[in-house]
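Please go through this structure with me, one question at a time.

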Amino acid sequence: MTAASYRRDYITRPIFRWARNVLPSLSATEREAAEAGDVWWDADLFSGNPDWTKLIAFPPAALSAEEQAFIDGPVAELCRMLDDWRINWEWRDLPPQVWEYLKQHKFFAMIIPREYGGLGFSAYAHSQVIRTISSRSIVAAVTAMVPNSLGPGELLHRFGTKEQQDYWLPRLAQGREIPCFGLTSPEAGSDAASMIDSGVVCRGSWQGRDTLGIRLNWHKRYITLAPVATVLGLAFKLSDPDRLIGDHEQLGITVALVPTNLPGVTIGRRHLPALQMFQNGPTSGRDVFIPMDNVIGGIAQAGKGWKMLMSALAAGRGISLPSLSASGGAFAAHVCGAYARIREQFHVPIGRFEAVEERLGRIAATAYLLDAARRLTCAAIDHGHKPAVVTAIIKQQATERLRVVANDAMDIHGGKAVQEGPLNYLGSFYRAVPIGITVEGANIVTRSLIQFGQGAIRSHPFLLSEINALEEPDPARALDEFDRAFWRHVSHSLANAMRAVARAWTGGLTAPAPAAGMTRRYYRRLGRYASAFALAAELKRREMISARFGDILSELYLGSAVLKRWDEEGRQAADVPLVAWCMETSSATIETRLDEILANLPMRPVAWLLRFMLLPFGVRRRGPSDRLTQACAGLLLAPSATRDRLTAGIFHGTGDNGIARLERAFELTIAAAPLHERLHRAKIRDIEAARRQDVINDSEAAALHAAAQAVAEAVAVDDFAPEEITRRQSLGDMPSQAMPRPTAAE
Ligand SMILES: Cc1cc2nc3c(=O)[nH]c(=O)nc-3n(C[C@H](O)[C@H](O)[C@H](O)COP(=O)(O)OP(=O)(O)OC[C@H]3O[C@@H](n4cnc5c(N)ncnc54)[C@H](O)[C@@H]3O)c2cc1C
């Protein structure tokens, strides 16, 4: 007997038996979710020893000349056509010419390959388009986004039969069909796989001929574009009681295309999602018959819908919502910096108050981080990855950080952002935040179950092989495979434990860093935290602990993205405060979460040992210093290359709208700053008095007046006549009891 077979038969076998008894096996839907997409940088982070040279060498996301031309041409033109106020408050829809423009210029076909008449854009180009439109109108951005996300276009492209692709993709590309995708139902939201919408294989009449098909019944809600869709991608549970297409009665979740003009289909009613007037509503179907050919991928894909959806989501959720969130970050940086500079209280620009600087600094650094993560994720997708764990991280983190930024932006603007009207450029953006948080995997569930839960299985170097071995039906093969994976796992964990201890006790000094200069310490710190994470992550599993591991994994990914961005942009010295702010915040979050995990782990002796190994000196990182935050804030308060890098690609104001007024006031205020300084030194506030005393000349006085006028216009808000708000007609409809009339005595 060799040493290897002795180990397998006498040591591994009992462990194998024990593991088989105690470890729950994965259900089919769990396995399909866990196996969706692939692993990428997340696997490096899970290894405990990320290879930074690999990250640095990873090619950055880039646009082709044609993609750039699309952004400079049709995207810019579309943005000029949009009037967010009227879309939301008057028309309650995009105007017909905008719908037409979207179809004509193939905004709905960014992901459809060129051979079918689509634009065939890269993920990065798609993301840039959404980023720019979002800065102008969330309604238009969501409308353009949805046909390019999880739905008929993508599913047909990836899983459709040749005939389906040849028929549907050109129609979608030309805008002859408006698609929507129906997964969510009243019973099944986050737990979408529990849907009760059903399809039964049967024979029926299709275009006058007896045909093998499916009789569908469904009730879906929250479906974007459903009220105007011509084709519905429908997810339902398929059964085949008469065994017409195979041996199984229950086939499982299936996805099919349902033309919305079929008898029995109901669409048209609308929800009002956070008062953002994109088309969104319920749909139902009663005994709707479709031919088997409408199942995406044909009979071969019947019952494989969940796998298809998970696989499409693995890449898709890394594009749309992160782009919208990065756009929100950049937009907030743009308008808050300008507003905090032009708005004065107590004779000081509000951006100079420390407590406002605290918010501005956070906005600036968050805008830097969100775009760093967006670009890195798009680059991975464009290089063929479908990194399910990474996209779960960026979807949740980007939308969550957008909420923080949106709150900061509102607070900095005060009443200016609260009072609704055409001059308010923040209200829509603020209201829309919970939409991103809820869709494509609600954030609480994504943070607590998916990021780390899926990552711990998928991105871990050995765990999935061990689980697979435990579920292998051939006993000899199962033991062999388990033996191999298990001992590699053990030796990996031991090596990682030593690495983690050495790095923790030396403050990261033993961790490798690819670069000299200011980022060296941050690479080392992330290396230290990655090894601590990988070691502690062997334990997990309750939801709150899993969520904290999800946070650490997220910070490791976002921190990697920030360091990568700084490198890619030529290590700009002026951007150092932003990089440092992000990395200091990340370090503090990681150490705090690790501390919380160790405080809450049920196995106390293990927790004590881990604390001694991984956090020997306690939580040392407290986040960015006040001075660093002030430096970040300062970057937004005056024009600079850093400010331009942060806000590149967002749409600027047009005509006399609120943003155009703000930009004009910012420009004039900056230009007049030396004159203000002169007045200040002369201790004169009044422009005319300064002119009379020859502190300034006539043209300088005119410049100061122009700046003051522009500021007054920029801080102005809308007001309305009573009948504009409550129309007379509806006043007449009000029950008289609702409006008590004054009595004679009063
Ligand atoms: C504006 C809008 C557009 C949408 N568009 C579409 C569309 O086009 N097509 C489509 O099919 N769907 C669409 N949806 C549906 C969306 O995907 C769902 O809203 C989402 O999946 C969450 O479901 P729910 O709203 O029912 O929340 P619920 O599932 O009821 O969740 C409520 C809360 O509980 C949390 N939660 C649930 N389970 C767990 C758990 N196990 N652990 C911890 N927390 C948990 C969730 O995170 C959430 O915070 C849209 C929704 C909105 C609001």
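What follows is a short exchange on one strand and one pair of helices.

This is a predicted model, in which local features need pLDDT of at least 70, side-chain atom pairs count only at pLDDT 80 or more, and totals for chains, interfaces and linings use all residues. Residues are numbered from 1 along each chain as its sequence is written, and side-chain values use heavy atoms, with hydrogens and water left out.

Student: How many residues of strand E4 are buried?
Tutor: Strands here are DSSP runs of at least two E residues, numbered from the N terminus, and helices are runs of at least four H or I residues. Buried means under 20% relative accessible area with a 1.4 Å probe, protein chains only. Strand E4 covers residues 231-239 and is mostly covered, the number of buried residues being eight of its nine.

Student: Which residue in E5 is the bridge partner of alanine 235?
Tutor: Two strands pair if DSSP finds at least two bridges between them. E4 and strand E5 (residues 250-259) run antiparallel and are joined by nine bridges. Within E5, the partner of alanine 235 is valine 255.

Student: Which residue in E4 is the bridge partner of cysteine 180?
Tutor: Strand E1 (residues 179-182) runs parallel to E4, with four bridges joining them. The E4 partner of cysteine 180 is leucine 232.

Student: Why are H15 and H18 described as roughly parallel or roughly antiparallel?
Tutor: Helix H15 (residues 388-413) and helix H18 (residues 443-458) pack with their axes 9 Å apart, at an angle of about 155°. Angles over 145 degrees count as roughly antiparallel. H15 and H18 are therefore roughly antiparallel.

Definitions and conventions
Buried means under 20% relative accessible area, exposed over 50%, partly exposed in between (1.4 Å probe, protein chains only). Axes are lines fitted to C-alpha atoms, for helices over the stretch in contact, and angles run from 0 to 180 degrees between N-to-C directions. Angles under 35 degrees count as roughly parallel, over 145 as roughly antiparallel, 65 to 115 as roughly perpendicular and the rest as oblique.
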